[in-house]
Amino acid sequence: MTSTIRSAAQADLPEDLTGVIAPETVTVEVGPMAHGGHCVARHEGRVIFVRHAIPGEIVVAQLTETGDKARYWRGDVVEIIRASEFRRSHQWKLADSLRAYHAGRQPIGGAEYGHIVLEHQRRLKAHVFRDTLSRIGKQTVEAGVSGLESDEPTGLHWRTRNAFAVTSSGRIAMHVHRSMTTIPVRNIPLAVSALDDLHLWDIDFTGADRVEVATPSTGDEALIIVIPSKDTAAQDARLNECMKRWKKQLSTYPESVSAVVALESEKLGGPIELTRLRGRTWVKEVVASAKYGSKTFRVSGPGFWQVHREAPATLVDAVMAAASPQPGEVLADLYAGAGLFSAFLADAVGEDGCVLSVEASVGASRDARRNLHSTPQAYVLNGRTDRVVGSWINRSEAPLNRGGLDGRSVDTVVLDPPRSGAGKAAVQRIHQLAPTKIVYVSCDPASFARDTRWLGELGWSLDSADVYDLYPDTHHMESVAVFTRAE
Ligand SMILES: C[S@@+](CC[C@H](N)C(=O)[O-])C[C@H]1O[C@@H](n2cnc3c(N)ncnc32)[C@H](O)[C@@H]1O
């Protein structure tokens with residue numbers, strides 16, 4: 001493994017780079033891809049996490065985080081000495097480390113695989129998934145990664161949900177990786193084209209902390225969600241003045257574009273107050289599964305929805321195949337959001353069965369009640385998973401609307417927690433519920449591996465895990481795994 005250290009000047013970087021970023025570079029041969037989107041390299045016995053590289057390459061990396069006491073250093077590739085055969089020109093100029101550093105700035109985060117051909121991105125994701133699961137989860141699985149045909153070959157134009165920081169001059173921006181530095185953006189190649197059509201970079205969002213945009217896969221509407229900064233939110237007069245300005249600027253959009261101001265509650269699941277600037281406070285999403293039919297969902301404000309335009313149907317198909325729900329069964333859909341999986345599961349269990357749809361967010365639970373209105377066998381329970389499941393265990397004979405199970409037992413648990421995973425308390429509760437099968441949907445291999453280890457310690461074995469590339473050009477991935485109780 002090669003490894004030398006030199007200054008920015010030696011690396012032929014522009015003069016003005018000195019002082020903007022740490023002046024030192026290292027030349028290293030990079031090793032395997034790790035969870036988080038960086039390759040692991042070593043320099044004089046120290047581990048350096050190098051972003052924008054491909055395993056096997058020799059690169060010059062600009063050090064971005066160093067320190068004698070730091071466990072790891074971090075760096076971005078600024079020059080390629082020996083390129084991988086899987087390298088291509090980066091799909092997004094602002095996220096391209098090579099072009100960014102040569103222009104005297106750092107790349108924005110969020111498309112750290114954009115320089116790798118799609119097929120190899122998937123090989124790397126399969127490696128990361130298997131490696132993380134074996135190191136943290138103590139499990140060996142044969143997981144490959146399947147991608148969507150419509151993403152070939154670029155991996156662009158799939159995001160229906162996008163979030164932006166706001167610069168001090170009010171322009172939409174994205175953050176540099178692990179930094180508060182913001183870089184204004186003008187077009188977003190990962191997003192569906194409806195986002196660029198809005199030309200949001202022309203709007204002055206001064207007074208806002210974040211702007212989120214939902215551009216549903218149907219392509220015929222959009223919802224702009226403006227989140228005021230804490231300062232703005234704390235002063236009524238300032239908030240009113242900002243809302244007036246935002247409303248005026250947004251008034252030129254076609255009627256199909258809605259906009260709201262969202263005031264966040266401090267606590268998880270606390271209500272988010274939505275004030276309408278124009279149009280509706282929600283969008284319509286249509287999920288069409290070739291096998292399980294088509295359903296329409298309402299998703300309010302910043303409520304969770306799978307971000308890839310084809311993710312909802314892909315995951316519904318995967319969850320239905322994994323859970324294999326039968327008429328009359330009782331299923332728990334934990335971390336259920338607006339009821340995506342619950343709706344399809346409810347059709348399958350029929351009126352003699354029951355789906356318990358558990359979600360912590362008040363707004364998402366409200367949407368789920370509307371979305372599941374036509375399937376009375378689906379019950380929406382608003383609360384934290386560990387508490388709701390704990391109540392089922394302690395008061396199993398109580399009626400469903402009083403926190404019990406009406407004397408029934410749960411056949412299958414489906415869970416789809418946020419990136420942080422389910423955690424020990426929820427895993428223990430799910431185990432105590434004693435279902436015959438657990439279907440675990442995850443967007444983070446590390447928290448999934450940790451929960452897998454705990455499930456393993458409680459006697460559950462991992463039967464299968466399928467990985468889906470629903471976030472091309474980024475390091476993220478989605479997995480659907482099935483656990484059954486070991487004999
Ligand atoms: C990854 S999303 C999955 C939503 C849904 N399955 C879907 O595919 O649309 C995770 C959901 O869990 C909710 N959530 C977060 N922490 C929770 C908790 N402790 N208990 C229940 N729900 C929680 C979030 O509000 C979010 O809606």
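These exercises, each with a worked solution, deal with the predicted model shown above. Residues are numbered from 1 along each chain as its sequence is written. Local features need pLDDT of at least 70 and side-chain atom pairs count only at pLDDT 80 or more, while totals for chains, interfaces and linings use all residues.

**Exercise 1. State how many helices and strands the chain has, and decide how compact the chain is.**

Step 1. Helices (H or I, at least four residues) and strands (E, at least two) are DSSP runs, numbered from the N terminus. The chain has 11 helices and 24 strands.

Step 2. The radius of gyration, taken over C-alpha atoms, is compared with the globule rule, 2.2 Å times the number of residues to the power 0.38. For 487 residues the rule gives 23 Å, and the chain has 24 Å, which is close, so the chain is as compact as a globular protein of that length.

Step 3. Along the principal axes, the C-alpha atoms fill a box of roughly 75 × 60 × 40 Å.

**Exercise 2. Find what share of the residues is buried.**

Step 1. A residue is buried if 20 or more other C-beta atoms, placed from the backbone, lie within 10 Å of its own.

Step 2. Of the 487 residues in the chain, 48% are buried.

**Exercise 3. Describe the shell around the ligand.**

Step 1. A residue is near the ligand if its C-beta atom, placed from the backbone, lies within 6 Å of it. The ligand is surrounded by 19 residues, and the closest are Phe304, Tyr335, Gly337, Ala360 and Asp416.

Step 2. Helix 7 (340-349) and strand 19 (354-359) are the elements that give two or more residues to this shell.

Step 3. Ala, Val, Leu, Ile, Met, Phe, Trp, Tyr, Cys and Pro count as nonpolar, Asp, Glu, Lys and Arg as charged, and the others, Gly among them, as polar. Sorted this way, the shell has 12 nonpolar, four polar and three charged residues.

**Exercise 4. Trace the open sheet of seven strands and find its edges.**

Step 1. Two strands pair if DSSP finds at least two bridges between them. The order is 11-10-9-12-13-14-15, with mixed pairing.

Step 2. Strand 11 (182-184) and strand 15 (273-278) each have a single partner strand, so one side of each is left without a neighbour in the sheet.

Step 3. Strand 9 (residues 161-166) pairs antiparallel with strand 10 (residues 172-175) over two bridges, and Val166 stands opposite Ile172.

Step 4. Strand 9 also runs antiparallel to strand 12 (residues 208-214), joined by five bridges; here Ala165 stands opposite Arg210.

Terms used. A residue is buried if 20 or more other C-beta atoms lie within 10 Å of its own, exposed if 12 or fewer, and partly exposed in between; C-beta atoms are placed from the backbone.
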